[in-house]
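Reader: I would like a close look at one part of this model, with its strands and helices taken in order. Please keep the language plain and say how that part is put together.

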Amino acid sequence: MTTDSERDELPTDISIRVPNIVLRIFRSWRKFPLSLHIGLLILLFQLAVALLANTLYPQDPFELVGMPFMAPGEDPLFPLGTDILGRDIAAGVVHGSRVSLLVGFAATLIATIVGTTIGLVSGYFGGWVDHALMRLTELFQVIPHFLFAIILVSIMGADLSNIILAIGLTSWSMVARLARAETLALRELDFVKISVVMGGGHLRAILTHVLPNALPPVIVSASILTALAVLTEAGLAFFGMSDSNHVSWGSMIGASRDALLTAPYMTLIPGAAIVVAVMGFSLIGDGLGQILRRGHRI
Amino acid sequence: MSNPRTSILKLRRRTFLAGAAASLVLAGRSFADAPVRGGTVVALAHPGEPNVLTSAVVQTGQVQSVSSKIFDGLITFGDNFEIKPELATKWTTSEDGKELRFDLRPGVRWHDGTPFTSADVKFTFESVWMKIHPRARATFAAVDVVETPDPLTVVFKLRNPSGVILGALNGLESTILPKHLYENTDIQTNPYNIKPVGTGPFRFKEWVRGDRIVLERNPDYWDAGKPYLDQVIYRVIPDATARYAAFESGAVQYGTLTPISLSDLGLAQKSDTLDVDFHGYEWLASAIVADFNVRRPPFNDVRVRRAVAHAIDLKAFVRVTTRGLAKPGTSPVLSTQTKFYAGEGLPEYTFDRAVADQLLDEAGYPKKPDGTRFATTIDWLPFGETFQRFAEFARQAFKAVGIEATIRNQDLPQFFRRVYSENDFDFTISHRAGLGDPQIGIDRVIWSKAILKDIPWSNGSGYSSPEMDKLIEAAHVAPNEDKRVELYKQIQVLAQRDIPTFTLAENKQFTVSSKKLRGLGTGSISVYDSLKDAWLEA
């Protein structure tokens, strides 16, 4: 995360520097911090599993394929065992990665778009706009996000798009504050002012000058948000608020939790998948943060 | 039971020395079996928190569990449906069977001190049961008028003899409300629905929503000396594993209607501290059912309904979803209701996907290039995780014959609104109680006059058939019991043929209780035992 002292040293040609960072990311894999390496590998693996789900397990993961309550390894056909209804847990984990990734990315996208927009507008224009938007942001900040998501899902109904929307709408406040802080520093810089003086208009200044420069910390926070979104989805599903028509890791845990005492593997296996995925996103966030800090120094 | 104190005295008088040791042993044993006064039992509000506390207004399991401690009926059931006195001490049927006379118990008072009289019975019959009860219209179809010659006598004048009325007057099915608190009010919104005043062994103390319902001993109870317990506290524990943990730790001592998950049943049965009892559910005759909305396509076509019946492998259904505890359903009347069950001649729906495919083709729902025929929805009754599993099983069965079903999750009020108010559903996985007699349990789901807006557990399918109505109404006025039984056998066959409601399984429910909780009822309706004989071992 950038500190204020670092931000003070921002050179004025910052607008050219950011694309450089992006380029550098792809050029200098070896220079990456270890956490980013591991995080990206986990993400790539997860993407591969999600993309290949239909090849690996062409059958519907909801299909009742075996005897219920088969422990992992009991039958080589079902390496991770079967659940309460005799569904293949391995197939569930593989197909569940799709929903978890989808929820993670889509909810983060919503949170990032909403949060960045509000943060940019608020920071750029200041005054009463800033006041109004920041009070709104605080409103969203003070309500516990998970409880808020539960309320939204129970009002709107537990289908996948509502779950994504609920998670997205409850987690944008952090992004908004971050984007606003960046914008507050950026709007005072000469190239932004010059752009307006030259008749470019506020919208142009925001989109072409402020946004690209405010983005790096937002991207870092987005990867953390993705991890949180995956966790929130699992939490909602644990309380029965999942879309019964899509298998997700959270819904697998939710469906098996009343067998927790007799067949803990049913909840542990999808639980482990969640741990790995959340760790992956967190490591990416951590790694990007390190690069960002390094980027300022170079 | 002999008085333990006198038996000790006798022993001591007879043999002074040798008897001393023996008397201690004997005394110990008889003390263990003698009811102890006092103590609080924590019970489970299951399957969820009630919305009211009187089963005169809502007849759902969690309401009846609490209501049965607060309210009495005219009669109750012993073992094997033996009818026993409760608020009525005696009943006589006239020779022509057209008059049913009850002598009421003298000196009974409502919890607020007002005397209980025949006027309460007449009022509840006319203004509550016949107005807002989903089943009373069928049950009491033969009743012409209820008369109250004096405060302790109630006479049901009938148009024709009826075999269903006496048993239906138990406190669960026909809960009696105090006239002085309900007269000239809107029954469904009366404030006493949530702070009930009854005549039963326990009276209402407080209800902290989402947490507990507290009932305390009614010191003025007509059965002197009872109840033994000081308090019964109902707790809401939504999570199945937490419920089992609560039993295991002793935080909860009593739970009915399958209070723990089937995965934990084995643990409970092996436990040293818990009892599991499958008895007391005979009157309830619990069934897992699928109801079709016959008002609109696709299930307005009987061929589509039959196709679904052929597409669901009921044997696998009970094995997988209930771990073999339930039995595949064959008729709306359960095979355990031996008196009425038709057995022979019932249309059978063997599991056969080819037949299902053929029926769906005939009904005009051919397979499209993507392998599907039509899309539909499954709404499941939110009575715990098992019902969601029933729905998931059904969805997979549908899929195999090309029906794409989306499962919809909702809470109980939403489910009731969808099915019984808005009729905006295709297919539900639900529960149906047989309630001892098909005139009570079955009529209400297949009789056109039981299509009652906003009333849960009525004919939600919207099934209406003149042929069926004729049979049902003939059964209501059957001159004798044999004829009534015969008609109900025909009704089952027709219901199974038209299949507006598909009985998936004969459910087997159970009660879990602490071994320390003694004196629980054993009758055919003891799932809703009043706990007046229950006591806690010290």
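Author: Two strands pair if DSSP finds at least two bridges between them. Strands themselves are DSSP runs of E, at least two residues long, and they are numbered from the N terminus. With that in hand, start at a hairpin in chain B: β6(B) is joined to β7(B) through two residues. The model is predicted, so some words on confidence come a little later, because pLDDT is the predictor's confidence in each residue.

The strands of this hairpin are β6, residues 143–150 of chain B, and β7, residues 153–158 of chain B, and they pair in the antiparallel sense over five bridges. One pair to look for is B:Asp150, which stands opposite B:Thr153 in β7(B). In general, strands of a sheet pair through backbone hydrogen bonds, either parallel or antiparallel.

The hairpin strands belong to an open sheet of four strands, whose order is β4-β5-β7-β6 (chain B), with antiparallel pairing. At its edges stand β4 (88–93) and β6 of chain B; each has a single partner strand, so one side of each is left without a neighbour in the sheet. From one strand to the next, the twist averages 20°. At the β4 end, β4(B) pairs with β5, residues 99–104 of chain B, in the antiparallel sense, again over five bridges. There, B:Thr92 has B:Arg101 as its bridge partner in β5(B). A helix lies against this sheet: α4, residues 118–132 of chain B, packs on it and touches β5, β6 and β7 of chain B. The direction of α4 makes about 160° with that of β6(B).

Where does this fit in the chain? The domain assignment of chain B gives domain 1 as 71–181, domain 2 as 230–281 + 509–536, and domain 3 as 283–507. The C-alpha centres of domain 2 and domain 3 of chain B lie 30 Å apart. Their contact takes eight residues from domain 2 of chain B and 10 residues from domain 3 of chain B. On the domain 2 side, five of the residues are nonpolar and three are polar, with no charged residues.

Further along chain B there is a second sheet. Six strands form it, open, in the order β14-β18-β13-β17-β15-β16 (chain B), and here the pairing is mixed. Its edges are β14 (327–328) and β16 (403–408) of chain B, each with a single partner strand, so one side of each has no neighbour in the sheet. Inside the order, β13 (residues 286–292) and β17 (residues 427–433) of chain B run antiparallel and are joined by seven bridges. B:Asp291, for example, stands opposite B:Thr428 in β17(B). Helix α13, residues 385–400 of chain B, packs on this sheet and touches β13, β15 (374–380), β16 and β17 of chain B. The direction of α13 makes about 165° with that of β16(B).

Helix α13 also has a part in the contact with the other chain. In that contact, 20 residues of chain B meet 19 residues of chain A. On the chain B side, the elements that give two or more residues are α8 (240–249), α9 (262–270), α11 (314–321), α13 and β16 of chain B. The largest share, eight residues, comes from α13(B). By class, the chain B side divides into six nonpolar, eight polar and six charged residues.

Some loops of chain B deserve a look as well. Most residues other than glycine have a negative phi, and most peptide bonds are trans. B:Asn80, which is not a glycine, has a positive phi of about 50°; B:Asn80 lies in the loop between β2 (75–77) and β3 (83–85) of chain B. The peptide bond from B:Lys226 to B:Pro227 is cis, with omega near -5°, and B:Pro227 sits in the loop between β9 (212–217) and β10 (231–235) of chain B. Another cis bond joins B:Pro297 and B:Pro298, with omega about 0°. B:Pro298 is in the loop between β13 and α10 (302–311) of chain B.

Last, the confidence. Chain B has a mean pLDDT of 90, and 94% of its residues reach 70 or more. Residues 1–30 of chain B have pLDDT below 50, and this stretch has 16 contacts in the model beyond near neighbours in sequence. The model scores ipTM 0.72 and pTM 0.81.

Conventions:
Residues numbered from 1 in each chain as written. Chains lettered and ligands numbered in written order. Predicted model: local features only at pLDDT ≥ 70, side-chain atom pairs only at ≥ 80, totals over all residues. pLDDT = per-residue confidence, 0-100. Contact = placed C-beta atoms within 7 Å. Axes fitted to C-alpha atoms, helices over the stretch in contact; angles between N-to-C directions. Nonpolar A, V, L, I, M, F, W, Y, C, P; charged D, E, K, R; others polar. Domains from an automatic or database assignment.
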